[in-house]
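Hi there,

Here is the structure I promised to pass on. Have a look at it first, and my notes follow underneath.

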Amino acid sequence: MINNRLALAISWIWIVGCIQTTREVFVSTLAGNGKMGNKNGPALEASFSNPMAVAADKNGNVFVADSRNNLIRKIDRDGVVSTYAGSGVEGSEDGPARSASFFYPQGIAVDKNGNVYVADTHNSLIRKISPDGLVTTIAGRRPGKLAEAKDSSVRLDNPSGIAVDEDGEAYIADWANDLIRKISPSGKLSIVAGNGSPGSQDGHDTAALFYLPWAVAVDHQNNLYITDSYNNMIRKVSRDGFVTTVAGHKAKGSSNGKGMLASFLHPTGIAVDLEGNIYVADTENHCIRKILPDGEVSTLAGNGIRGSVNGPAREANFYRPFGLAVNDQGDIFVADYENNMIREIRVNK
């Protein structure tokens, strides 16, 4: 009888623990009314058009690469959406924020000084927006003319992701070149990993191969994490330049598990929190995955069904989520592309 009661008690504790685990992570809509548009104002009344990337600063603001609108938007800590930069017209003009132009930006990052970096994808340029609202080009070459940047002879090819470390070095997923690049604070452009040929090989810097790498994230030890989108893998570049596969394998799938036992379907956005957990926008699986520091992969949010339902994380759904960002409090922001919304995943502590 005692053993039976003990077993029953343990079972009850396990069940309650599972319920608490599933209920402590919630998905909500941070901004966007679900309709395509470029309306500013209160967060849930504002509109976006296929947002593809998000970045969070230390002051509680969230920046959005509002791709189809050719705009950079800002959601302030009070929940008000505004246009941060861009005229909305396709172009590559530098200058004051609201007169500058972009062409389908797909990556965004913000540094500790409040500078916003943009992977201006269809222009194949990297742009920088200073806190005073001046847009400049810091890497890449415009067709037909030189960019006003260091190494402007280097041609990027549809860069889709960008991240900035504590020292102000910017890392780029140079998507169609199958390269990971770095821009120094002085503007020097160099290759971190890859040799320009598609593949899935691990190894040291240029011996490694990627296949259309989408996004990059940097942790506080200056390790890089990459969504190697067409390899369906998550890759890591250590500080000494060695590339390894953290999770996933070439075959498409949605399996959880450790390291290369897990599978993804065209992963895109990626972010790393202060504890070293990695978050991945598993785009075509319509969910957000989490990779623990030991390599264990789980589904954090999303039930795999297309939709925009909020609520407990595993009951909520997304529709082709792309960009991800995480703030110092561990809140996760998602550019929910087809829903034209910015979603938030919050863990109740």
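Let me start with a loop: Arg-320 is placed between β26 (311-312) and β27, where strands are DSSP runs of E with at least two residues, numbered from the N terminus. Arg-320 has a positive phi of about 55 degrees although it is not a glycine. With a relative accessible area of 22%, Arg-320 is partly exposed (buried is under 20%, exposed over 50% and partly exposed in between, with a 1.4 Å probe and protein chains only).

Asn-232, in the loop between β18 (224-228) and β19 (233-237), also shows a positive phi of about 55 degrees without being a glycine. Asn-232 counts as buried, at 2% relative accessibility.

A word on the source: this is a predicted model, in which local features need pLDDT of at least 70 and side-chain atom pairs count only at pLDDT 80 or more, while totals for chains, interfaces and linings use all residues. Residues are numbered from 1 along each chain as its sequence is written, and side-chain values use heavy atoms, with hydrogens and water left out.

Now the rings. There are 5 aromatic pairs (Phe, Tyr or Trp rings, the six-membered one for Trp, with centres within 6.5 Å; planes under 30 degrees apart are stacked, over 60 edge-to-face, the rest tilted). Trp-175 and Trp-214 form an edge-to-face pair, because their centres are 6.3 Å apart and their planes stand at 85 degrees. Trp-175 lies in the loop between β13 (170-174) and β14 (179-183) and Trp-214 in strand β17 (residues 213-218), so the pair ties together parts 39 residues apart in sequence. Trp-175 is partly exposed at 23% relative accessible area, whereas Trp-214 is buried at 11%. Ring pairs link these two with Phe-322 and Tyr-337 into a cluster.

Two arginines also meet rings: the charged end of Arg-73 sits over Phe-48, 4.9 Å from the ring centre, and Arg-289 lies over the face of Phe-264 at 4.7 Å (CZ of Arg or NZ of Lys within 6 Å of the ring centre and within 35 degrees of the ring normal).

Finally, the largest nonpolar core has 19 residues, and Phe-264 is among those that touch the most other members (a core joins buried Ala, Val, Leu, Ile, Met, Phe, Trp, Tyr and Cys through side-chain atoms within 4.5 Å). The largest share of this core, 3 residues, comes from β17.

Enjoy exploring!

Definitions and conventions
Helix = DSSP H or I, 4+ residues; strand = E, 2+ residues; numbered from the N terminus.
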